[in-house]
Amino acid sequence: MSVEPVRAEATGGWFIADLADRTSAGIAAAVSRQIRTGALAPGARLPTVREVARELKVSPATVNQAWRALAAAGAIVARGRAGTFVGAPATTAVGRYQRLHPPSCSTFRIDLSRGTPDPELLPDLGAALRDLTRNQANDLAADYLGEAVLPELAAKVRVDWPFRAERLAVLDGALDAVDRMLSAHVRLGDAVAVEDPCFPPFLDLLARLGARPVPVRMDESGLLPEELARAVTEHEASCLILQPRAQNPTGVSLTARRIRELSDVLHGADTLIIEDDHSAGIAAAPLRSLGSRLPGRTVHIRSYSKSHGADLRLAVVGGPAELLDPVIERRMLGAGWTSRLLQRVLLSMLDDETAVHAVTTARAEYRRRSAELRRALAMRGITVARGDGINLWLPVADENAAMISLAAAGIKAAPGGPFVVGDYPPTDHLRITISPLTDADLDWLTTELAAATTAAPTYRRIRRG
């Protein structure tokens, strides 16, 4: 609906007099729109909470919650008794993902920070590209209104999709899919339940939307049901983002029992569920999806980046038409669709026995490398929880000291801080990617990792008096 701003003479600012959605999220979104359009200029003083509550006929608590959401997004600033004001235009902040992968001119003997697969274990694209040249005429001749998803690819992925998906889409990788789903369904001030620790780009995306991440801690079976219940009931989480297996960074995979427990928690809520199966193909754990029990609210994302190649930029997304159609329709105004040429390359590899064998081999090799490193660390007194995929979550006494210790040995690791959502993690960690590991590296690398886990910061003593 069109909403006209009106002058609030008592405060000298602008506010919205006619508003249909008078929940805290609706109020926050309306004020945010006025800021973006310039109706509320930087530095403008807002009405008091009581004035807004009286004008909109809502409780002060509702307005307070809206103000907190706007403040968390940096849209407004509270200045004590002076009042609350529109914030200055936001400057581009360094996101968590940038902190995880800062530019570096240093040369390392081995890089365990990247979170990417071993290029040597990816399927050979040669056969798929030769197959493409025999079929490219049909794809290149396709018109703008043709099928966005190759029917043959759709039929292929439906065979082992974890639940009956009403709609399928192909997007440009898992993160693109998460981004588009959040943009379509999450508003400023919304609470979104996330794993803690969490994949940093998810948190960056939520920050840009002005949404509030609600941390849900995990154990070896996945999200803790009581923590998810708190996020849903106390924080009214409108969305849940989770990685069902080979969770990044911990490697945790959901168990069948945990799926039942989590679905019981979500049964009475209307929370949107976004599942990112980013390690499909190379994860050893079986896929367990909340969509098997809550198909009407689950959007499942299957990425082929780690199994078949990141530069394919392909992920298949499946779920209810009600949730996916807004994403598909919006995309038609921009990129339109993901190249059918790339889709056909993927389809060719999914059908090719040599490529299938390469993915199977990679899965077994990653599992072996992970097990060997955990075993070698255990022999040095370091216990690392068993996980799946290509990452280990290594507990350390002090993150910075551990990073320095490893860097001195020519080893680059990923700091654990950007993954942490809650304020007080019980221990520091590093994320270690095992894909570059070779048997020749194992002994010296394990010795350095073990030393890093106990490295302590050096503090300079300050003399008093």
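**View 1. Helix α10 has a buried face.** In this predicted model, helix α10 (residues 256-266) tucks away R258, I259, L262, S263 and L266; buried means under 20% relative accessible area, exposed over 50%, with a 1.4 Å probe and protein chains only. Seen down the axis of α10, those buried residues fall within an arc of 130°, so they line one face; the arc is taken from the directions from the helix axis to the C-beta atoms. Turned away from that side are R257 and D264, both exposed. The cover over the buried residues includes β8 (212-219), α9 (225-233) and β11 (272-277), where contact means heavy atoms within 4.5 Å.

**View 2. Eight strands make an open sheet.** Follow the order β6-β13-β12-β11-β10-β7-β8-β9, with mixed pairing. The edge strands, β6 (167-171) and β9, each pair on one side only; pairing takes at least two DSSP bridges. Inside the sheet, β10 and β11 run parallel over 4 bridges, and C239 has L272 of β11 as its bridge partner.

**View 3. The largest nonpolar core holds 29 residues.** Here L373, L394, I432, L445 and L449 touch the most other members. Such a core joins buried Ala, Val, Leu, Ile, Met, Phe, Trp, Tyr and Cys residues through side-chain atoms within 4.5 Å. Helix α16 gives the most, with 6 residues. Apart from this core lies another, of 28 residues, including A174 and L323.

Residues are numbered from 1 along each chain as its sequence is written. In this predicted model, local features need pLDDT of at least 70, side-chain atom pairs count only at pLDDT 80 or more, and totals for chains, interfaces and linings use all residues, while side-chain values use heavy atoms, leaving out hydrogens and water.

Methods:
Helices (H or I, at least four residues) and strands (E, at least two) are DSSP runs, numbered from the N terminus.
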